[in-house]
Amino acid sequence: DIGAGTGYYTFKIYQKVPKGRVYAVEVQNDAVTYLKNKAGQLNASNVTAIKGTEKSPELPENSIDLVLMVDVYHELSYPHEMLQNIRKSLKPKGKLLLMEYKAEDPKVDIKPLHKMSVEQVNKELTANGFHLVNDGEFLPIQHYLLNEKN
């Protein structure tokens, strides 16, 4: 869960992978501390909070099945570097799930700089060694774009 914030998704996911590990990645020290404390309060021993950087999630190489980024990718200052480091962390056939607000839909009342189009995402991810495997257009205002490592 890259850009985990307060762990909304992290703490919904961790019980679904009792034999796996959930990494909650944040760049802000306060958020990392919060995630560690909440994992302790919930006795979520399979949750690891990680201090990432603007260029890397600092995840272990070749160890991740799925990276989740919800309304985060468009905020990246260094998307190429981040995607390359995510790619390194993924196992072969590992996946990257992006959920982003739909730039194509003018009815989505979000500032344009916080939206992305499928075309834009596909162009950037393809250039960084990924390919789209599921364009799940079932959410009313967000894209659900599942990409796989090439």
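The following exercises concern the salt bridges of this predicted model.

Local features require pLDDT of at least 70 and side-chain atom pairs count only at pLDDT 80 or more, whereas totals for chains, interfaces and linings use all residues. Residues are numbered from 1 along each chain as its sequence is written, and side-chain values use heavy atoms, with hydrogens and water left out.

**Exercise 1.** Determine how many salt bridges a search of the whole structure finds, and locate the partners of the pair D65 and K91.

*Solution.* The criterion is a side-chain nitrogen of Lys or Arg within 4 Å of a carboxyl oxygen of Asp or Glu. The search yields 4 salt bridges. In one of them, the closest N and O atoms of D65 and K91 are 3.2 Å apart. D65 belongs to strand β3 (residues 64-70) and K91 to strand β4 (residues 90-102), 26 residues apart; strands are DSSP runs of E, at least two residues long, numbered from the N terminus.

**Exercise 2.** Characterise the contact between E148 and K95, and state whether E148 is buried or exposed.

*Solution.* The closest N and O atoms lie 3.0 Å apart. Strand β7 (residues 142-149) holds E148 and strand β4 holds K95, so the bridge ties together parts 53 residues apart in sequence. Buried means under 20% relative accessible area, exposed over 50%, and partly exposed in between (1.4 Å probe, protein chains only). E148, at 10%, is buried; K95, at 26%, is partly exposed. K93 joins K95 and E148 in a network of salt bridges.

**Exercise 3.** Compare the accessibility of E137 and K102.

*Solution.* These residues form a salt bridge, with closest N and O atoms 3.3 Å apart. E137 is partly exposed at 39%, whereas K102 is buried at 12%.

Technical notes:
Helices (H or I, at least four residues) and strands (E, at least two) are DSSP runs, numbered from the N terminus.
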